[in-house]
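Let's take a friendly look at how two chains can meet. Have the sequence and the 3D view ready as you read.

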Number of protein chains: 2
Amino acid sequence: MDMINSTSNPQIKLIRKLKDRKYRAESNFFFLEGVRIVIEALNAGEWITQLIVSRDLIGSAKAVEVVEEAECKGVAIMEVSKEVFESISGKDGPQGVAAVAQQKWTELDLNTPPLPGIWIALYQIADPGNLGTILRTLDGMGGEGVILLDHCTDPFDPSAIRASMGSVFSKKIIKSTSQTFMDWVKKNNILVTGTADSAKTDYRQYQYPKNGILLMGSEREGLPEALAAICNDVVSIPMAGNADSLNLAVASSIVLYEIAWQHKE
Amino acid sequence: MDMINSTSNPQIKLIRKLKDRKYRAESNFFFLEGVRIVIEALNAGEWITQLIVSRDLIGSAKAVEVVEEAECKGVAIMEVSKEVFESISGKDGPQGVAAVAQQKWTELDLNTPPLPGIWIALYQIADPGNLGTILRTLDGMGGEGVILLDHCTDPFDPSAIRASMGSVFSKKIIKSTSQTFMDWVKKNNILVTGTADSAKTDYRQYQYPKNGILLMGSEREGLPEALAAICNDVVSIPMAGNADSLNLAVASSIVLYEIAWQHKE
């Protein structure tokens, strides 16, 4: 196999372009790197389309295993020089293993059937770390996936992938406009629970449905009125001190684990 | 008042040095910037020793108010040029208002009396965002403060301050070695609840004391055995999916809100 030595190789240029959200959206691919996350993606099934390896940078037996496993699974392997790998890496100490993978998500439409299980809908979530952390918690509590409403941060942003600790590969991702979501909820009588600082119902004193959607507003604005209006109920988390709100991933996680507790077997 | 125009002014050099943890530790000062966080610090009392203002960058009425309020409170004000302000700022769009503040924390020793209320002890927490987020949740649920064990990230790191949303000014911070903490716990029969993935007690099926410490392990290693051994009990958060753990700030927050629920009035 030939090794790519030039940082201006056209394939390498395209891989570097995956750092830009715009090109990720156009291509529907994304870039991931590091031994641990590449293992998660390999184990999760058909995600990786190409493994990128720099033998000069590989330092651990685990990394060697990853390359062998990818070969066994028939994944295309691209060997690159140390310099080329460093040019595509976003890390200070690159581990010599990275991958290009295909994004997996679906778009909500009015004919989407009601979704079984616990879901979380996020309105204009802006921070990729928060989104990744919510996916990780959703995995922990046994939820199904996220519904991203309107302009959200990208679940395939490197920070989101990192924070998800691999849960981005196991949880379902649906994208929608707020309008389509609201129409779909009304059409199908979907049970949606919103959260808002001002809500009177304590999140601990509400009976969550076994199949339902927890709806969270954005970090900056919270939940817009139109979305609050389609909720069966809106709950709040009590705040005792000076802070007027919790971190979005924390608030989501506290309510998600309350739901998990109510429906545990 | 004279304006500082030179980025190599000795005072400006020292302010820039506050980006380094080492110099923060030596000087016991820290740097904070942005209108919102400076307001929080001003409202919290005697934190800010010097306000740094660049009139050319101030864009909002709120920022002008902050400067006036600081003047009223007798805070020293240093006027700097746009260029100088940009040289000390860590932000892309600096708001023209920053401050130098004095760190406030105490060191645990064997004569420290038992601490009333809910506390969280963090063993070698590494991520400043996690630490700030935990302070924010602690404020939300009515806890008293954090005890930082051994080598932890700095609560006065800009990322920690940002994530805390001002709670770094309202919650108490105590530093200790693990050894002193363990000796102090034993001497005073302090009630400590640990968390570990492997623990058999579900965090929801445990009665937390009204005055007690929740003890969390580090992001990487969890809770070391010696620390687990001084706990009254160790609880776990059930994990349903592929993920083997939750984000540390999320796990801390879920248990802290369970404690808050058990002791709400």
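## Where the chains meet

How many residue pairs are in polar contact across the interface of chain A and chain B? The rule finds 16 such pairs, both residues being at pLDDT 80 or more; a polar contact is a pair of N or O atoms within 3.5 Å, where one must be able to donate a hydrogen and the other to accept it, and residues adjacent in sequence count only if both atoms are side-chain atoms. Two salt bridges also link the chains (a side-chain nitrogen of Lys or Arg within 4 Å of a carboxyl oxygen of Asp or Glu). In one of them, R204(A) pairs with E258(B), with the closest N and O atoms 2.6 Å apart.

## How the model is read

This is a predicted model, where local features need pLDDT of at least 70, side-chain atom pairs count only at pLDDT 80 or more, and totals for chains, interfaces and linings use all residues. Residues are numbered from 1 along each chain as its sequence is written, chains are lettered from A and ligands numbered from 1 in the order in which they are written, and side-chain values use heavy atoms, leaving out hydrogens and water.

## The size of the contact

Chain A and chain B each bring 33 residues to the contact (heavy atoms within 4.5 Å). The area buried between them is about 2500 Å², with 54% from carbon and sulfur atoms; buried area is the accessible area (1.4 Å probe) lost on being put together, summed over both parts. R136(A), R204(A) and Y257(A) supply 26% of what chain A buries against chain B, more than any other three residues.

Technical notes
Buried area is the accessible area (1.4 Å probe) that two parts lose on being put together, summed over both.
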